Each structure stands twice: as structure tokens, then as C-alpha cells.
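Visitor: I'm new to this one and would love a close look at a single part. Could you show me the structure before I ask?

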Amino acid sequence: MKNAWKTLFHYLDVTLYCIRMSILTIFEYPAMILGWVLSNPIQFIVGFATIQFVVNEFGSINGWSYGQLAFLYGISVISHALSMIFFVQGWFMGFIVLEGEFDRYLTRPMSVLYQFFFTNINCIGFTDLIPGILVFLYGCHKISFSWNLANVLLILLLLIGATLIRGGVYIILGTTSFFTRSCNDFGQYTQEIFDKTTMYPISMYPESLQFILTYLIPIGWVSFYPVSNLLGISQKGILPIGNPILAVMGTLLAGILVMIVSGTFFKIGLRRYESAGN
């Protein structure tokens, strides 16, 4: 048990050091930081403005009010930002495989998967948190969300689970490069799917698609199911739950399961790694 805690603190210490180094690196280019701070929030704010236009024209989206959609949108963007900070490297795993960069990870006495993601923290992803938090707080204000301890804990667990789901999907897609020997970037396509399905109620889609987004690819658990139950929105979708605690724990469980599957798949893929040599 003592060795386990020692190992955990060692990994945390390395992670904090890597975050510090990443911050120092990006501050070497202040103009780049300014560009990201300006451009990243704009794309999400424009997307949210589109939702406002639709609601103003039609009154609601599948029974969701403007404030409820703001809450849903904010949760989606925050989990997106967290996945960009910790797991966006999965988008570029194909390039790392082809260049033989995994060699240096294999020679170090730490988990290869951990090194790949947590020694390259993407601090630029913090710029995505700005619009996500602003829209989320605006949605909380519009619906008079109760900030009690229970709800705060549920929100935190929800974000952890949602981030794990996104990160696990990125790992799975990136790991395919071990088998294909290709540097195809599925990241942008995956992100488009996440954006179109987590920022809006999936109950607006056909039941066949709802089934896929619930049981086959657990995207519905990123925001729709936990948020609809947190806000008490009655749904006639593919999986009506009716209990916010169960819905949030479902998201957390889905995130853990996706990470276990992705980690196992990564280990299998790593066995096929052939380095950059002959």
C-alpha cells in the first residue's frame, strides 16, 4: 500500500512538472497565446448564438428552453476543453507511430500511455474553458440552478465521466494507427460528431441514432442523459432514467469503461509497434 501511494505521488509530481513546462513553453510565444484566446472562444460563442437564434425563432428545441440548452452547451464545451488539455495527443498518434517516437517512451520506467498523454499537456486547451464556463454559468442563471453541495459534486463527477468518454474515444481512434500504419487524423471528424451530438438534445434524432449514441458509442452520456436528469426534463427517448444521481453515475461508469477498453486496446496495439528502424 505504501508503494502504491509513493507511485501515485510520483506520477502526480511528474504531471505537475509537465504542466509547468508546457505553460512556460507556450509563454515563449505570447502572440500565439493571444490568437488562441481570441479565436477559440469566438467559435463556441458563434455556435451558441446560433442556438439562441433557433430558439428565438421556434421557441424551443425538442422541448428544451434557451436556459436549459445553455446549461447543456456549457457542459459539453467544458468537457471538450478538458479532453483537449489531456487527451488531444490521441489525434496525432499516427504521426508518432510512423516517426518511431514511441521508442523513448518504451525506455522510461513509467506507463507508456501515461507518458504519451501527460508529458505533453496541451495548455492551449484552457482557452476552450473560457466560453464553456461563461455559457454554463449563464445557463445556471437562466434556470436558477441550485448550487448546493450535492449538485456541485454531481457536476464534477459528470465532467470527469464526460472527459473520460471523450479521451477514451480519442485513444481508441489513435491506437488504430498501430494496425494501419497510417497517420490519418480522425480527430477533427470525431470532434465534429461530438459537437453535433453533445451540444444538442439527442432526443431530437431518430431512435435508431439514439440507440447508437447510447449503447454503441456512449456519446449521449457526455451531456444529454445527465443534464436532462439534473434539470428534471422529462424525456421519451431511448433510455428514460428519471434520477440525476443514477444518470451522473452512469456517465462516470461509462467513462471508466471506455478508458478500460481504450487502455486494453492500446496495449494490444503497442505490441505491433515496430519502431522506426529496419
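Visitor: Please take me along helix α8: how many residues does α8 have, and what distance does the helix reach from its first C-alpha to its last?

Guide: Happy to! Please keep in mind that this is a predicted model. Helix α8 runs over residues 149-180, which makes 32 residues. From its first C-alpha to its last, α8 reaches 47 Å, close to the 46 Å expected at 1.5 Å a residue.

Now look at the two ends. At the N-terminal end, N148 acts as a cap for α8: one of its side-chain oxygens lies 3.2 Å from the backbone nitrogen of A150. At the other end, just after α8, R181 takes a positive phi of about 55 degrees.

A word on confidence helps here. The protein chain has an average pLDDT of 83, and 91% of the residues score at least 70. Confidence is lowest in helix α2 (residues 30-58), where the mean is 72, and highest in helix α12 (residues 244-270), at 93. Where pLDDT is low, the predicted coordinates should not be read in detail.

For context, here are two other helices. In helix α3 (residues 66-87) you will find S83. S83 counts as buried because its relative accessibility is 0%, under the 20% cut-off. A polar atom of the S83 side chain lies 2.7 Å from the backbone oxygen of H80. Helix α10 (residues 207-216) holds L209, which is partly exposed with a relative accessible area of 30%. L209 joins F211, I212, Y215, L216 and I217 in making a nonpolar surface patch of about 530 Å².

Key
Residues are numbered from 1 along each chain as its sequence is written. This is a predicted model: local features need pLDDT of at least 70, side-chain atom pairs count only at pLDDT 80 or more; totals for chains, interfaces and linings use all residues. Side-chain values use heavy atoms; hydrogens and water are left out. Helices (H or I, at least four residues) and strands (E, at least two) are DSSP runs, numbered from the N terminus. The expected span of a helix is 1.5 Å times one less than its number of residues. A polar contact is a pair of N or O atoms within 3.5 Å; within protein, one must be able to donate a hydrogen and the other to accept it, and residues adjacent in sequence count only if both atoms are side-chain atoms. pLDDT is the predictor's confidence in each residue, from 0 to 100. Patches are made of residues with over 30% relative accessible area and no salt bridge: like charges are joined within 9 Å, nonpolar side chains (Val, Leu, Ile, Met, Phe, Trp, Tyr) within 5 Å. Accessible areas come from the Shrake-Rupley method with a 1.4 Å probe; for residues, only the protein chains shown count as cover. A salt bridge is a side-chain nitrogen of Lys or Arg within 4 Å of a carboxyl oxygen of Asp or Glu. Buried means under 20% relative accessible area, exposed over 50%, partly exposed in between (1.4 Å probe, protein chains only).
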